[in-house]
Amino acid sequence: MLAVFEKTVAKSPEGLQTPQQEPPVNALKDGLLSRSFSAVHPSAVTINLADSGLISYSVDKQNPLLPRLFAVVDDIFCLFQGHVENVAPLKQQYGLNKTANEVTIVIEAYRTLRDRGPYPADQVVRDLQGKFAFILYDSTSKSTFIAADADGSVPFFWGTDSEGNVVLSDDVETVKKGCGKSFAPFPKGCFFTSSGGLRSFEHPFNELKAVPRVDSSGEMCGANFKVDSNSKKETGMPRVGSAANWSQHY
């Protein structure tokens, strides 16, 4: 799976960005990265998200134990890889029918948060028991919701290109091609939203700090993000009404 989001849609943490990428690469220009991804995954389908970016999906070369899924519901696009063990209770929780799977559960969980906000986003991700990574884009609000499980069970990487656009994929070579040295594994046990940035769903009241990565040649190469046990976020969670858009509040 592959997603590239324009920097106004998903602003990456500063620590992920490595200055002076050479040569400079714009992952969105002329379909550069999507063409590269399709060359590796010939069955890939790419969806242009207008000025917000793009997503690409392929079942080619997938791990049968960590399958990829894709769905679109009411202008919400979601790429999911892995499996969730507690699908049955989640279906019941979100009022879904028997045919619902992991990707439709994630979409419905997001819609519930966006429209009603009954509980925090960190709880929604924490309720997913299993091995997973997902990328969700809401074209109505131009918002993203991205997460990886607490153990980092699914290969999942992210980075920024020379224009500050965010690149995410399960294929590390694709991310390297788009981001040069400004890339890293997506932080396990974390989620990212357009409005709230990067957060830990295991430790939602702690800040995250960037720990610079160094490659084999001693050069800076993006950053890993760790929970800062000495830094606390505010514990209050703002309540939003049913008419409010959760994606603009978190």
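Arg-114 is a buried residue, with a relative accessible area of 14%. In this predicted model, that makes a handy place to start, since the Arg-114 side chain meets that of Asp-138 in a salt bridge, at 3.0 Å from N to O. Arg-114 belongs to helix α3 and Asp-138 to strand β6 (residues 130-138), so the pair ties together parts that are 24 residues apart in sequence. Asp-138 is buried as well, and its relative accessible area comes out at 0%.

This pair is part of a bigger tally: the structure holds eight salt bridges. Another one involving α3 joins Arg-111 to Asp-74, with 2.4 Å between N and O. Here the helix, which covers residues 102-115, is tied to the loop between β4 (68-73) and β5 (76-84), because Arg-111 sits in the former and Asp-74 in the latter; the two parts are 37 residues apart in sequence. Asp-74 counts as exposed, at 53% relative accessibility. Glu-108 joins in too: together with Asp-74 and Arg-111, Glu-108 is linked in a network of salt bridges.

A more local case turns up in helix α5 (residues 172-179), where Lys-176 and Glu-173 are three residues apart, or about one helical turn. Their side chains meet in a salt bridge at 3.7 Å, N to O. Both ends are partly exposed: Lys-176 has 36% relative accessibility, and Glu-173 has a relative accessible area of 48%.

Back to α3 itself. The helix is mostly covered, with 11 of its 14 residues buried. Among them are Val-103, Ile-105, Val-106, Ile-107, Tyr-110 and Leu-113, but also the charged-pair members Glu-108 and Arg-114. The cover comes from several directions in the fold, including β4, β5, β6 and β7 as well as helices α2 (87-93) and α4 (121-126). As for its length, 14 residues at 1.5 Å each should span 20 Å, and the end C-alpha atoms of α3 are indeed 20 Å apart, which agrees. After the helix comes Gly-117, whose phi is positive, near 50°.

The strands that α3 meets belong to an open sheet. Six strands make up this sheet, in the order β4-β5-β6-β7-β11-β12, and the pairing is antiparallel. The edges are taken by β4 and β12 (197-200), each of which has a single partner strand, so one side of each is left without a neighbour in the sheet. On average, neighbouring strands are turned by 15° against each other, direction ignored. At the β12 edge, four bridges join that strand to β11 (residues 190-193), and the two run antiparallel. One residue pairing there is that of Cys-190 with its bridge partner Ser-200 in β12. Helix α3 lies across β4, β5, β6 and β7 (143-148), and runs at about 125° to β5.

Helix α1 (residues 32-40) has a buried set made up of Leu-33, Ser-34, Ser-36 and Phe-37. These residues cover an arc of only 160° around the axis, which puts them on the same side of α1. The face turned away from that buried side carries the exposed residues Arg-35 and Ala-39. On the buried side, the residues pack against strands β1 (2-5), β2 (45-48), β3 (53-57) and β9 (166-169), and also against α5, the helix that holds the Lys-176 and Glu-173 pair.

Methods:
Residues numbered from 1 in each chain as written. Predicted model: local features only at pLDDT ≥ 70, side-chain atom pairs only at ≥ 80, totals over all residues. Heavy atoms only, no water. Salt bridge = Lys/Arg side-chain N within 4 Å of Asp/Glu carboxyl O. Buried < 20%, exposed > 50% of the residue type's maximum accessible area, 1.4 Å probe, protein only. Pairing = 2+ DSSP bridges. Axes fitted to C-alpha atoms, helices over the stretch in contact; angles between N-to-C directions. Contact = heavy atoms within 4.5 Å. Arc of directions from axis to C-beta. Expected span 1.5 Å × (residues − 1).
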